[in-house]
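User: I'd like to go through this structure with you and ask how each label is earned. Could you set the values against the definitions as we go?

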Amino acid sequence: MSSRRARTARVTGAVAGAVAVAAATVVAVATAPTAAAATTTFTPVADTSVDNSATSTNYGTTGQLGVDGSPVKRTFLRFTVSGVTGQVTGAKLRVHTDDVSGSNSPAGGTFRALSSTSWSETGTTWANQPTIDGATLGTLGAVSRNAWYEVNVGAVVTGNGTFSIAISSTNSDGADYDSRESGSATAPQLVVSTDTPTTTTLPTTTTQPSGDPVLVGAGDISNSGSGDTATAALLDNIPGTVYTTGDNVYNDGTTTEFNNYYNPTWGRHKARTKPAPGNHDYNTSGASGYYNYFGAQAGPSGRGYYSYDLGTWHVVSLNSEISMSTGSAQEQWLRSDLAASSKPCTLAYWHKPRFTSGADHAPSTATGPLVQALYDYNAEVIVTGHNHHYERFAPMNPSGSADSSRGIRHFVAGMGGAGFYNFGTIQPNSEARNNNTFGVLKFTLHANSYDWEFVPQAGKTYNDSGSNACH
């Protein structure tokens, strides 16, 4: 069995030539607009409900917004959008169901625009409610307690201004949402996305490199919460290939969950995504929701493992939800794939971690044969998820001992949006950990080295970064 060290020598000249060709001298003065995506979240300036069984009662100061068909309850929300620059590219209204059993409903309601923006939060009753006279913006199906739901309202929210939206239902089993009085954690949200033009001037004569490839992503991503909205907003500003380390959607990997949870957030980066499946994706038989959603991007024949190249790097996406044993189809494929690669550096990712300090999921010894194969071929990096936090290990051999010469650096990147897990016993060689910040893990893949960076959600400060040479 030849090692990748021998292959590295054969391709060094070709790589150097490719890098030289990638740089070009630009002789011009260029001033051009570029677009930087941004999102801004607004909370209501007013919200209230009305009830036809209490026609003179105002509910504007309560913590709950009711939607029902019998008795008839309607909810009104008003937002003021200000300070937004650039073109509005999208807007989503997000509402959170109350944490009581009565919040469950088979029909979350119909969302419509209304022209009136002068109704009073503390004065509106059934008797004097504003007329619901605008376009239908969307409809929610079944909703559960203590969960986030969102509706696309970009048809009406197109820039700065004041906007009113009503929610109504004809179903006699109504839904209850948290109002702005419930607190900032669960108050309604209007998330406005924009492209803000900026101007970039190139000097008269400069050398403009093509740039090294970027690979960025995380796992344990989308549910009814808002974490995936925060991490998708990070991807809006990071070019490159997006990876996922499994559990793309909760709880069962259904087509409906992919459409309702993943697609509105990380789904806008689907065209550049190279995913891996997780155990929750497989809660639907054969992970059919996952494979149907990603199609050919999930690899051939629904097997869940495949590889691709980025610059001088070979990247492998594997499947921890099927057999990984020595001699299995996946393990044999991996060894053949690595033997055939001429790239000097290798990175692999999948869902269940071989090494982790998480309290919820123990280290997965079943992944050992995959780790061994990658070690045998001198891979640099393994990225996993499963435990909902971030953890970085020093380079290790397959038994978990520190190995500075040939060791693989392991990352657990399960901070894509689902609720955080606790740490348990801290494992040997664990160098960095965080379980209170959603984010993405970004790799910049140089010709014979790489940089890593934990990029935190807006408003958070945790960061972890560094560099390593390839073997």
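User: Happy to start with helix 2: which strands does this helix lie across, and at what angle to strand 24 does it run?

Analyst: Bear in mind that the model is predicted. Helix 2, residues 227-235, lies across strand 14 (214-218), strand 15 (241-244), strand 24 and strand 25. The helix runs at about 25° to strand 24.

User: What makes helix 2 "mostly covered"?

Analyst: Eight of its nine residues are buried. Among them are Gly 227, Asp 228, Thr 229, Leu 234 and Leu 235. Buried stands for under 20% relative accessible area.

User: How are the strands of that sheet ordered, and what makes strand 16 and strand 26 its edges?

Analyst: The order is 16-15-14-24-25-26, an open sheet of six strands with mixed pairing. Strand 16 (273-274) and strand 26 (464-469) each have a single partner strand, so one side of each is left without a neighbour in the sheet.

User: How do you know that strand 24 and strand 25 pair?

Analyst: Pairing calls for at least two bridges between the strands. Strand 24 (residues 439-445) and strand 25 (residues 449-456) have seven, in the antiparallel sense, so the pairing criterion is met. As an example of who faces whom, Phe 443 stands opposite Trp 452 in strand 25.

User: Why is strand 3 called largely enclosed?

Analyst: Because six of the six residues of strand 3 (residues 46-51) are buried. Ala 46, Thr 48 and Val 50 point one way, Asp 47, Ser 49 and Asp 51 the other way, and all are buried. That fits a general pattern: in a regular strand, side chains alternate between the two faces of the sheet. Strand 3 also runs antiparallel to strand 5 (residues 72-81), joined to it by six bridges, and Thr 48 has Phe 76 as its bridge partner there.

User: Why does the pair Thr 186 and Asp 178 count as a polar contact?

Analyst: The two side chains come to 3.4 Å, and the cut-off for such a pair of N or O atoms is 3.5 Å, so the distance qualifies. Thr 186 sits in the loop between strand 11 (175-178) and strand 12 (189-202). Leaving aside neighbours within four places in sequence, Thr 186 is in contact with His 96, Trp 148 and Asp 178.

User: What makes Arg 94 and Glu 150 a salt bridge?

Analyst: Their side chains meet at 3.1 Å, N to O, and the limit is 4 Å, so the label applies. This pair links distant parts of the chain, with Arg 94 in strand 6 (residues 87-96) and Glu 150 in strand 9 (residues 148-152), 56 residues apart. Both residues are buried.

User: And how do you know that Glu 331 and Arg 335 are about one turn of the helix apart?

Analyst: They lie four residues apart in helix 5 (residues 329-340). An α-helix has 3.6 residues a turn, so residues three or four places apart point the same way. The side chains of Glu 331 and Arg 335 meet in a salt bridge at 2.8 Å, N to O.

User: Why is Arg 392 called buried, and why is Glu 431 called partly exposed?

Analyst: Arg 392 has 10% relative accessibility, under the 20% cut-off for buried. Glu 431 has a relative accessible area of 43%, which falls between 20% and 50%, so partly exposed is the right label. Salt bridges that share partners join Arg 392, Arg 409, Glu 431 and Asp 464 into one network.

Definitions and conventions:
Residues are numbered from 1 along each chain as its sequence is written. This is a predicted model: local features need pLDDT of at least 70, side-chain atom pairs count only at pLDDT 80 or more; totals for chains, interfaces and linings use all residues. Side-chain values use heavy atoms; hydrogens and water are left out. Helices (H or I, at least four residues) and strands (E, at least two) are DSSP runs, numbered from the N terminus. Contact means heavy atoms within 4.5 Å. Axes are lines fitted to C-alpha atoms, for helices over the stretch in contact, and angles run from 0 to 180 degrees between N-to-C directions. Buried means under 20% relative accessible area, exposed over 50%, partly exposed in between (1.4 Å probe, protein chains only). A polar contact is a pair of N or O atoms within 3.5 Å; within protein, one must be able to donate a hydrogen and the other to accept it, and residues adjacent in sequence count only if both atoms are side-chain atoms.
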